[in-house]
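Student: I have a structure to read and some terms I do not trust yet. Can we go through the terms one by one?

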Amino acid sequence: MKDAQLNPYMPVSGTVVRVIEETPTIKTIVVSPEHEIPFESGQFMQLTMPGVGEAPFTPSSSPNRLETLDFTILNIGTVTERLHQLREGDLVGLRGPFGKGYPVEKLAGKEVLVVGGGCGLAPLRSLLYILFDTIDRFKKVSIKYGAKSPADLVYRDSYAQWGSIRKVSFTPTVDVGAAGWDGHVGVVTTILDDLDVSVDDSYAVVCGPEIMLKFVTFKLQEKGYRPEQIYLSMNRRMSCGTGKCGRCNVGPYYLCKDGPDMNYALIKDYPNIFGM
Ligand SMILES: Cc1cc2nc3c(=O)[nH]c(=O)nc-3n(C[C@H](O)[C@H](O)[C@H](O)COP(=O)(O)OP(=O)(O)OC[C@H]3O[C@@H](n4cnc5c(N)ncnc54)[C@H](O)[C@@H]3O)c2cc1C
Ligand code: FES
């Protein structure tokens with residue numbers, strides 16, 4: 001709790017202690033920071049690779065366990081390609097945390113619908129750990145998760161355990177099935193047709209690619225969710241992380257400071273909120 005809090009531009013050094021291959025394009029990097037970095041689920045950090053650059057990622061591990069931080073990373077470009085090359089013992093820089101956490105207090109006493117798409121289950125996993133740890137505070141947690149194919153599902157070893165927790169249900173789906181897959185086939189909106197929550201008493205928290213955010217938001221409204229009941233994890237390129245450079249705005253909001261998880265009612269009338 002020293003350098004980073006004194007100077008948000010100064011990375012803290014972290015040592016990679018484990019690399020987990022989640023899918024052909026997604027890895028979870030487990031990092032031991034040189035000192036604990038307290039964060040709230042939904043807050044993000046900038047991962048720095050010297051000589052390459054930095055990029056924002058939301059820890060997928062629990063804020064209640066700070067000895068190591070998990071980052072689940074889709075290999076999509078320059079920095080993520082380099083992060084995918086990290087091996088046990090390698091060093092990575094960490095700046096942050098930045099942004100606001102998920103509105104956990106607002107979710108208390110409610111039925112929580114968690115909707116993830118692809119690597120979007122990563123930030124949500126950190127929230128899920130908090131919900132699971134304090135499950136008595138919530139009426140129900142219903143998790144809907146979609147990926148392109150069975151091979152693209154992250155955290156597959158955890159599903160049975162998550163689904164066995166009292167008051168928790170977990171429904172995965174894939175766009176295209178494969179041999180051995182006997183689960184649901186169809187994009188994630190198709191498993192929102194038979195919702196197992198009371199919409200009036202619920203909040204929805206959604207994270208995934210922009211196209212998925214868009215269609216899930218429309219589907220949720222079709223099912224009766226009001227914009228105030230929907231939280232979206234907004235993905236934009238970020239730089240300073242502290243509301244200074246103006247790279248990440250949606251209307252008057254800086255996603256790095258006011259988000260990245262935004263109440264849909266606050267942003268719905270601004271142009272291109274789904275990046276298209
Ligand atoms: C708050 C926040 C949390 C995030 N958490 C995660 C996470 O947990 N796991 C994860 O895999 N990814 C996460 N991302 C996305 C991740 O930051 C980008 O994938 C990463 O910056 C890509 O960097 P790159 O250098 O590898 O790609 P580049 O080489 O810069 O770009 C590759 C392609 O990706 C596009 N791109 C790059 N960055 C973004 C972005 N932020 N939004 C949309 N398109 C982009 C580029 O336009 C280009 O088409 C998060 C983003 C934000 C803003
Ligand atoms: S990243 Fe600089 S203002 Fe948000």
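**Terms and values**

Tutor: Pro97 has its place in strand β6 (residues 91-98). This is a predicted model, in which local features need pLDDT of at least 70 and side-chain atom pairs count only at pLDDT 80 or more, while totals for chains, interfaces and linings use all residues. Residues are numbered from 1 along each chain as its sequence is written, chains are lettered from A and ligands numbered from 1 in the order in which they are written, and side-chain values use heavy atoms, with hydrogens and water left out.

Student: Why is β6 called a strand?

Tutor: A strand is a DSSP run of E with at least two residues, and a helix is a run of H or I with at least four, both numbered from the N terminus. β6 covers residues 91-98, so β6 qualifies as a strand.

Student: What is the peptide bond from Gly96 to Pro97?

Tutor: It is cis, with omega near 10 degrees. The bond from Gly259 to Pro260 is also cis, with omega near 5 degrees; Pro260 is in the loop between α7 (255-258) and β15 (261-263).

Student: Which residues are closest to ligand 1?

Tutor: Pro56, Thr72, Leu74, Thr80 and Arg237 are the closest of the 19 residues that surround ligand 1. A residue counts as near if one of its heavy atoms lies within 4 Å.

Student: What makes the pair between ligand 1 and Thr80 a polar contact?

Tutor: An oxygen atom of ligand 1 is 2.6 Å from an N or O atom in the side chain of Thr80. A polar contact is a pair of N or O atoms within 3.5 Å, so this pair counts. A polar backbone atom of Pro56 is likewise 2.6 Å from an oxygen atom of ligand 1, and a backbone N or O atom of Arg236 lies 3.1 Å from a nitrogen atom of ligand 1.

Student: How many nonpolar residues are in the shell around ligand 1?

Tutor: The shell has 11 nonpolar, six polar and two charged residues. Ala, Val, Leu, Ile, Met, Phe, Trp, Tyr, Cys and Pro count as nonpolar, Asp, Glu, Lys and Arg as charged, and the others, Gly among them, as polar.

Student: Which elements each supply at least two residues of that shell?

Tutor: β4 (53-57), β5 (69-74) and α2 (78-84) do.

Student: What is unusual in sign about the phi of Lys167?

Tutor: Lys167 has a positive phi of about 75 degrees although it is not a glycine. Lys167 lies in the loop between α5 (159-163) and β9 (168-174).

Notes
Polar contact = N/O pair within 3.5 Å; in protein donor to acceptor, adjacent residues only side chain to side chain.
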